[in-house]
Structures are given as structure tokens and as C-alpha cells.
Amino acid sequence: MALSSTSFFSTLNTTSSLPHFHAPKLSSSSSHFPTTPSTTHLPLSHKWRAKVSFFTSFLKKGKDAKIIKEELLQAIAPLDRGADATLQDQQTVDQIASELEEVSPIKEPLKSNLLDGKWELIYTTSQSILQTKRPKLLRSVANYQAINVDTLRAQNMESWPFFNQVTADLTPLNPRKVAVKFDTFKIGGIIPIKAPGRARGELEITYLDEELRVSRGDKGNLFILKMVDPSYRVPV
């Protein structure tokens, strides 16, 4: 991940429409319903309206999280973590991610131990993390992010060839969003450098379960990660 401070990660850096039914309009010359009304023009009863409303709501709920997750993983599989994604690919992934966010089983992720551990980045829209301006041989092979809720600490890590790292303090803004203040960069994972005061950002956890996390940064970037080590501890 590229050493930039634009966001948490980049600091290291269907529905079916139903027909509308209308009650018949009464003639201005009469104040009574027709004595033999047509069966196709009867006004809807409150009970029938409730059924229609329920059915529409049911359709909008759509697929469950498992199916949406499978669609999301299939969509990002050929995209090299997002480096090969076209604008259309990004829009498709974002749409599926949005569907998944709506059915997140954890509504307050900062209160859940499912957030704890080391996560591998499998897709992002952040070009600084993807390092798309570099030759492929000079891009990190994998990127990781670790979070510990009890200590409110986080860490971003690159793999080969540079192994850069950065640690950060987290301040909850609400049950699913944190402010991030980076404190120490480690060049090559060894040489410590104090992070500048401007190295700040925000991160919102929008979907969380035991194996997948979706997050969005304050610069509009999307991050999708899979759990690799739930026991990992961030250096204090």
C-alpha cells in the first residue's frame, strides 16, 4: 500500500414492479356505485392493499447474504484485486456490495469480536493501494489490514517486495465508523518513522461476518477483505 494519507487503507498505500390499481371514477351525475360493478374495476380493499404492500416489500428484500456474497466473489475474482477493473466492473462490484451491505448480520461492527484479526484485501478501488502506476513486478503481492476492537488499534501491511507497514489509533464515531490517526510507519517492516500529523482518515465498516468484511473510506473508495487470522494482535 502506498505511503499516502488519503484514507485508512490508502494511508498505506429484483425488484419487481407491480401494476397500479385504481378505483373507478364516479360520474358527476350520480353519487352511487353502479349496481353491477365490473369485476375488473373494483376498488382495492385495505386487506388487499396490505397484501400487495407486503409482497412488494418481500421482493425488495431479494437474495440472502450467502447468495450475494457468492455473486460478489465471482465478480471480483478476475479483476486482480481491482487493478484490472474497468469502470463498468467497478460499478457492478459496487452495486453488488451495496446489496450485501443492506443484509449485514452485524449492525454494530465496532461492538463485535468478528472484526478482530488480520484481513486480506481482495478488492479495492483505491489506485494508490493497487499501485497501478508501477510495473507489476514492483507492486505488493498482497495487502492486509488488522484491527483489534479492545485496544482500538489497527495496522496496514504490504507483502513482497517492500513489506511496508503502518499502525494507527482508532476513535469510534458511531457503532460502525472510526476516525483513524496513524502513528508509526515501518519501512520494509523494520525501520520506524513517525507518521505526520496529517496522516488521518475515516473508515466505515458496512458489512461484517466471520469471513468477509466490506468497508468504505472517507475518499469514497471501496474495500473488500477476507479473514485470514482472527487471532492476530496489532502492536500497541
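## A look around the predicted fold

This is a predicted model, and its mean pLDDT over the chain is 82, with 74% of the residues at 70 or higher. The weak stretch is residues 1-60, where pLDDT stays under 50. The model still has 87 contacts beyond four places in sequence for that stretch. Where pLDDT is low, though, the predicted coordinates are not something to read in detail.

As for the overall layout, the chain has five helices and nine strands. Going along the sequence, they come in the order α-α-α-α-β-α-β-β-β-β-β-β-β-β. Of the 236 residues, 39% are buried.

### Helix α3

Let's start with α3, which covers residues 65-76. Its 12 residues should span 16 Å at 1.5 Å a residue, and the C-alpha atoms at its ends are indeed 16 Å apart, so expectation and model agree. Which residues of α3 are buried? They are A65, I68, K69, L72 and I76. Looking down the helix axis, these buried residues fall within an arc of 100 degrees, so they line one face of α3. On the face turned away from that buried side sit K66 and Q74, both exposed.

What do the buried residues of α3 pack against? Their partners are helix α4 (87-102) and four strands: β1 (117-124), β7 (200-208), β8 (212-217) and β9 (222-229).

### Salt bridges

The whole structure contains 12 salt bridges. Here are three of them, with the N to O distance for each.

| Pair | N to O distance | Separation in sequence |
|---|---|---|
| E99 and K63 | 3.8 Å | 36 residues |
| K69 and E211 | 2.5 Å | 142 residues |
| D80 and K136 | 4.0 Å | 56 residues |

Take E99 and K63, whose salt bridge has its closest N and O atoms 3.8 Å apart. E99 belongs to helix α4 and K63 to the loop between α2 (46-61) and α3, so this pair ties together parts that are 36 residues apart in sequence. E99 is partly exposed because its relative accessibility is 25%, and K63 is partly exposed too, at 28%.

K69, one of the buried residues of α3, forms a salt bridge with E211 at 2.5 Å, N to O. That pair links distant parts of the chain, from helix α3 to the loop between β7 and β8. Is K69 buried or exposed? Its relative accessibility is 10%, so K69 counts as buried even though it is a lysine in a salt bridge. Its partner E211, at 43%, is partly exposed.

The D80 and K136 side chains meet at 4.0 Å, N to O. D80 lies in the loop between α3 and α4, while K136 lies in the loop between α5 (127-130) and β2 (143-148). D80 is partly exposed at 34% relative accessibility, whereas K136, at 54%, is exposed. Beyond these pairs, K63, E71 and E99 are joined into one network by salt bridges that share partners.

### The nonpolar cores

Nonpolar side chains tend to be buried together in soluble globular proteins. In this model the largest nonpolar core has 23 residues, and those touching the most other members are L115, L170, V178, V180, F182 and F223. Strands β1, β4 (165-174), β5 (177-187), β7 and β9 each put in at least two residues. Which strand gives the most to this core? That is β5, with four residues.

L115 is a handy place to zoom in. Not counting residues up to four places away in sequence, L115 touches P109, L110, I147, V149, I205, L208 and R213. There is also a second, separate core of 17 residues, including L79, V93, A97 and V214.

### A85 in its loop

One last stop is A85, found in the loop between α3 and α4. Despite that loop position, A85 is buried, with a relative accessible area of 17%. Leaving aside neighbours within four places in sequence, A85 is in contact with L79 and Q90. L79 is also one of the residues in the second core. A85 and T125 are 40 residues apart in sequence, with their C-alpha atoms 8.5 Å apart in space.

Definitions and conventions. Residues numbered from 1 in each chain as written. Predicted model: local features only at pLDDT ≥ 70, side-chain atom pairs only at ≥ 80, totals over all residues. Heavy atoms only, no water. Expected span 1.5 Å × (residues − 1). Buried < 20%, exposed > 50% of the residue type's maximum accessible area, 1.4 Å probe, protein only. Arc of directions from axis to C-beta. Contact = heavy atoms within 4.5 Å. pLDDT = per-residue confidence, 0-100. Core = buried A, V, L, I, M, F, W, Y, C linked by side-chain atoms within 4.5 Å.
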